Amino acid sequence: MVITLRSSFDDLLPGKSFLSLGADGTLTLLAPEKLIAAETRKRIAHELDVAIEVYLIKHCNAIFYGDLMSGVPEGLASKNRLIAWLNDYARDGKVRSGVITLYRLENRDHFDGGVWVARNFCLFMEYVVKKLTDPKYVGKSNALLFKKSFSDPDWFHKAAAVCGLKLLEDNYRHGAIKSTVAKSHLDLLFYVRHVAKSLSAAIGRSTKNHSVEEMKSELDGTLERFLRHTYRSFLEINHAHEEYALLEKWQPKIESTMGLVLERAALDFFERLPAALGADLEC
């Protein structure tokens, strides 16, 4: 009889799927396992977004892109060549889509409302390597140059900093940075760039009609050293922020994954090198 009454009572209740949702449509403790899975996924996703934003800022400790790729070995792709292929290129009314534009078009799930989701950084770099080493996209000579460049660890990580910073800056312009550390760094970065540009222009105007090129050069150099020192000092002061704990937690996974991307790029280069050398010899 008890079993019958319980069964009758159960029949009066709404379906379990309905009970698992609250009035606002969110999961309740009537579906604890689903709630745990959903909240865990949300927490880890946020941690990864913040950790990668801090990771990128930590590696972008320079004011200009050229500073990020200073000291790269000769014979590898330059900063200008890298950025030229990352950006769109217009000529004679025609536009060649850059790698970043193609990435946006082909990986819409890496964006939320048009804003890049930082946890996709390693996938983005995998895409960048693939496109810049594709002879159908960049041409045979550029493809070989980029294969060689990506196989160099120092160049790879400096290029990754440039690539990541470009997407991070775009998020900043949309007010979509999740990390307090990253936002404060980008606030300063954009301000310092603005000050550098304004002061340089002012110095140029004040010395335009005078034979004081040496003074202008000295002032420019002093200003640049001051701004760089200010920026680096800020990086050191901000290093104690609690978000660095998230970076410490996820950095091994980020670096091991980036290592895989580098390893594949290097393997591909050295596997194709004999064929490339043979083609050069035939020419």
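**Exercise 1. Charges over rings**

Find the ring that R96 lies over, and then find which ring lies under the charged end of K131.

*Solution.*
Step 1. Start at R96. It lies over the face of W85, at 4.2 Å from the ring centre. This is a predicted model, so every value here is computed from predicted atoms.
Step 2. Check the distance. A charge counts as sitting over a ring only if it is within 6 Å of the ring centre. The 4.2 Å of R96 is the value to set against that cut-off.
Step 3. Go to K131. Its charged end sits over the ring of Y137, 4.9 Å from the centre.

**Exercise 2. The rings around Y103**

Classify the pairs that Y103 forms with F124 and with Y127, and say where the partners lie along the chain.

*Solution.*
Step 1. Get the overall count. The structure has eleven aromatic pairs.
Step 2. Take Y103 and F124. Their centres are 4.7 Å apart, and their planes make 55 degrees. Planes under 30 degrees apart would be stacked, and over 60 edge-to-face. So the pair is tilted.
Step 3. Place the two residues. Y103 is in helix α6 (residues 99-106) and F124 is in helix α7. They are 21 residues apart, and the pair links distant parts of the chain.
Step 4. Test for burial. Buried means under 20% relative accessible area. Y103 has 0%, so it counts as buried. F124 also has 0%, so F124 is buried.
Step 5. Take Y103 and Y127. The centres are 5.6 Å apart, with 50 degrees between the planes, and this pair is tilted. Y127 lies in helix α7, 24 residues from Y103 in helix α6. Both Y103 and Y127 are buried.
Step 6. Widen the view. Ring pairs link Y103, F111, W116, F124 and Y127 into a cluster.

**Exercise 3. The largest cavity**

Describe the volume of the largest cavity, its lining residues and their chemical character.

*Solution.*
Step 1. Count the cavities. A search of the whole structure gives two of 30 Å³ or more.
Step 2. Read the volume. The largest cavity has about 50 Å³.
Step 3. Name the lining. It consists of Y55, L56, H59, F121, H157, A160, A161 and M258.
Step 4. Assign elements. Two of them, α3 (32-59) and α10 (153-173), give two or more residues to this lining.
Step 5. Sort by type. Six lining residues are nonpolar, two are polar and none is charged.

**Exercise 4. The second largest pocket**

Work out which element gives the most to the lining of the second largest pocket, and how that lining divides by residue type.

*Solution.*
Step 1. Read the volume. The second largest pocket holds about 220 Å³ of space.
Step 2. Look at the centre. Of the 13 lining residues, R119, C122, L123, K253 and T257 are the closest to it.
Step 3. Compare elements. α3, α7 (121-132) and α13 (243-282) each give two or more residues. α13 gives the most, with seven residues.
Step 4. Sort by type. The lining has eight nonpolar residues, one polar and four charged.
Step 5. Look closer at L123. It lies in helix α7. Its relative accessible area is 43%, so L123 is partly exposed. The C-alpha atoms of L123 and N107 are 9.7 Å apart, and the two residues are 16 apart along the chain.

**Exercise 5. Cysteines, a loop residue and a contact**

Decide whether C122, C163, D92 and N120 are buried or exposed.

*Solution.*
Step 1. Take C122. Its relative accessible area is 12%, so C122 is buried.
Step 2. Take C163. At 1%, C163 is buried. The structure holds zero disulfides.
Step 3. Take D92. This residue is in the loop between β1 (89-91) and β2 (94-96). Exposed means over 50%. D92 has 71% relative accessibility, so it counts as exposed. Its phi is near 55 degrees, a positive value in a residue other than glycine.
Step 4. Take N120. The loop between β4 (115-116) and α7 holds this residue. Its relative accessible area is 11%, so N120 is buried.
Step 5. Find a partner in space. N120 and D49 are 71 residues apart in sequence, while their C-alpha atoms are 8.5 Å apart.

Conventions:
Residues are numbered from 1 along each chain as its sequence is written. This is a predicted model: local features need pLDDT of at least 70, side-chain atom pairs count only at pLDDT 80 or more; totals for chains, interfaces and linings use all residues. Side-chain values use heavy atoms; hydrogens and water are left out. On a 1 Å grid over the protein atoms alone, a cavity is a set of points where a 1.4 Å probe fits but cannot get out, and a pocket is an open set with protein on both sides within 12 Å along at least five of seven lines; lining residues have an atom within 4 Å of a point. Grid points are joined across faces, edges and corners, and a volume is the space filled by probe spheres set on the points. Helices (H or I, at least four residues) and strands (E, at least two) are DSSP runs, numbered from the N terminus. Ala, Val, Leu, Ile, Met, Phe, Trp, Tyr, Cys and Pro count as nonpolar, Asp, Glu, Lys and Arg as charged, and the others, Gly among them, as polar. A disulfide is a pair of cysteine sulfur atoms within 2.5 Å. Buried means under 20% relative accessible area, exposed over 50%, partly exposed in between (1.4 Å probe, protein chains only). Rings of Phe, Tyr and Trp (its six-membered ring) pair if their centres lie within 6.5 Å; planes under 30 degrees apart count as stacked, over 60 as edge-to-face and the rest as tilted. A charge sits over a ring if NZ of Lys or CZ of Arg is within 6 Å of the ring centre and within 35 degrees of the ring normal.
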